[in-house]
Structures are given as structure tokens and as C-alpha cells.
Amino acid sequence: MSGAEVLSAGAERVELTHPDKVLYPADGYRKRDVAEYFRAVGDRMVPHLRGKPLTMRRFPDGVGAAGFFQKEASGHFPDWVRVVPVPQRGAGGPVHHVVCDDVATLVYLATQACLEFHVGLAAAAEPDRPVLAVVDLDPPPGTGIAELRAVVREFRDRFADAGLAPHLQTTGGKGFHVVAPLAGRRGFDEVRAAVRDMAQDAVRAAPDRLTTEQRKDERGDRIFLDVGRNAYGQTMIAPCSLRARDGAPAATPLDFAELSKATPRSYGLRKLPRRLARKADPWSDLPDTAADFPRS
């Protein structure tokens, strides 16, 4: 195709069509910029995707237009893109998810205008055995960053008190994720109940500041503790994924020591590759720190 480019990505060469198509109009970031970003962060990002079912959020016409979520892999994807059937609960046949096990797959999906990579909390091979637990802290407009950081620290401590190893991630959106690696010996129903109990304990301690209310019109000016991601088939934004927002922010794992200066959108397309070049991955110890919630 006229104007196409070819990117080397691991063992594959990936065609990039329409490389100058603008995907972030407010910033002028083009399709080429997005593909190069994911190629640059691939070695850091892929370990957090490997083995897990992927949900893609694609924006063929850029973030100024409506994008779409995609779970079922497209028929035109190359044969070297791994696709795995994952059973649905209470439904018919399985969903054939992409599993991103290598940088080539990551870059290929970026050339398909996938800006956001949402990853399952369990491996595709054992879809009802979560290996991550997550609390998504979603603040309402006007929440001060100091207050939001205080809630992050509270859930760091709550996870630690439960015998788990808390980890931190900016979402690239409005809030933070507090995440703990799990040993994969509990099912989603049990894990979700444990995380829900943790969140409800926090709400009882500060009902004027925190809520688990699903309805937005019932939350008021309280920080929403979203525990619904801890369920079969649900996802979280993957580490290093871009977000479909002006500025091209990215979800970014942090050390808790960095929290005092961090915001949910501290890093993105321009700044995150430089950070990764100088700093070790704060989530590199996830497999070594996995544990289980204590049984109630």
C-alpha cells in the first residue's frame, strides 16, 4: 500500500499503513508515533500481558472519534498472533482472545490503532483463577491529589495487613490502581468477596469520603472504590498502555515512594519511554510476591 512502512519487531516485520494518520489530534501524535511508542516499551510491557486474554480498545479514526472495544480476534490478524478460546460464563461459545506474548504482537496491534490494552486478571489457561487483585480508585471531579494519595496509602496498608504485597499503578486517567499479586489458588468469586469486604471496611471507616456505590448519581463527592474488576471476564488497564485521552497518557507502575509526587497522568507517550530506560520495573517482583487472601 502506498505510504506504508515496515517496522522490525522481534522476529517479525510489521507493516504500518497510513503512518502519518493523526490519532491524537490535540497533540499531533500520529499512527507512527503510537507504533514506535509500543515498540519502545514492549520489553517492559509484554511480561504483564503474557498468557492473559486481551481486550483491545481501537480508534481507527483517532481519539476525536468513537472507538470500540474488541474481544474477539479479527480474522485478518496474522497467523503468528496467538489467539486462545476463553469460555464465557452463562453464554454460548468461547471468546477467541488475542494473547500478547511478544513485542511483535504488541506492535502489530498498535498498527491496527489499538491504543488501550485491557488485560484479564487471570491467565487464559486458568480463567477462573485470578493472579491479580485490584482496587481502582476513581475520584470525582475536584478531588485533591493529597486526598487521593491518602486513600492509595490506606489500601496499600489494607492489602499488606491481609498478607499480600501491594503494588501501585497510575491509570493514565483519573485515579490509581492498587494491585496485589495472587497465587492463583482461589476462584474469582472468593477473591472478589475478599476485596469487596476490604473496600466496605474502608467505607465504614470513612463514609463521607469513600463509597462502593455503583450508581454515579449516588456517589456524591466521594472517591469510588471500584472492586468490580475482580470478576470473571473483567479486565484492568495494562501497565504501559496508552489511554485514549488528550496528551496520550499511559498507565504506569510506580514505587510507593514515588506517590508523593505522582499524579494519575504523570507519564505518557513522550515521557514514559525515558522513564523505563532509567528505572527498573516496580512490578518485576509480582511472580515472587504472590500470595493468597486468608480464608475467612
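Reader: Is R32 buried or exposed?
Author: This is a predicted model, in which local features need pLDDT of at least 70, side-chain atom pairs count only at pLDDT 80 or more, and totals for chains, interfaces and linings use all residues. Residues are numbered from 1 along each chain as its sequence is written, and side-chain values use heavy atoms, with hydrogens and water left out. The word buried means under 20% relative accessible area, exposed means over 50%, and partly exposed lies in between (1.4 Å probe, protein chains only). R32 has a relative accessibility of 18%, so R32 counts as buried.

Reader: Which residue forms a salt bridge with D20?
Author: Side chains of opposite charge can pair when their charged atoms come close. A salt bridge here is a side-chain nitrogen of Lys or Arg within 4 Å of a carboxyl oxygen of Asp or Glu. For D20, the closest N and O atoms are 2.7 Å apart, and the partner is R32.

Reader: Where do D20 and R32 lie, and how many residues apart are they?
Author: D20 is in the loop between β2 (12–16) and β3 (22–24), while R32 is in helix α1 (residues 31–49). Helices (H or I, at least four residues) and strands (E, at least two) are DSSP runs, numbered from the N terminus. The pair links distant parts of the chain, 12 residues apart.

Reader: Which residue does R82 meet in a salt bridge?
Author: R82 is partly exposed, because its relative accessible area is 40%. The partner is partly exposed too, with a relative accessible area of 21%. N and O are 2.7 Å apart in this bridge, and the partner is D101.

Reader: How many residues apart in sequence are the parts tied together by R295 and E190?
Author: The side chains of R295 and E190 meet in a salt bridge with 2.6 Å from N to O. R295 lies in the segment after α5 and E190 in helix α4 (residues 188–205), so the parts tied together are 105 residues apart.

Reader: Is R295 buried or exposed?
Author: E190 counts as partly exposed, because its relative accessibility is 34%. R295 has a relative accessibility of 56%, so R295 counts as exposed.

Reader: How many salt bridges does the structure hold?
Author: The pairs above are among them, including the one between D20 and R32. The structure's count of salt bridges is 24.

Reader: How many aromatic pairs are there?
Author: Rings of Phe, Tyr and Trp (its six-membered ring) pair if their centres lie within 6.5 Å; planes under 30 degrees apart count as stacked, over 60 as edge-to-face and the rest as tilted. By this rule, the number of aromatic pairs is 7.

Reader: What is the angle between the planes of Y24 and Y29?
Author: Y24 and Y29 are an edge-to-face pair, 6.1 Å centre to centre, with their planes at 70°.

Reader: Which residue forms an aromatic pair with F77?
Author: The F77 pair is edge-to-face, at 5.6 Å centre to centre and 85° between the planes, and joins F77 to Y108. F77 lies in the loop between β6 (68–70) and β7 (83–86) and its partner in helix α2 (residues 103–111), so the pair ties together parts that are 31 residues apart. Buried like F77 is its partner, Y108.

Reader: Which residues do ring pairs link into a cluster?
Author: Ring pairs can share members, as they do here. The cluster consists of Y37, F38 and F117.
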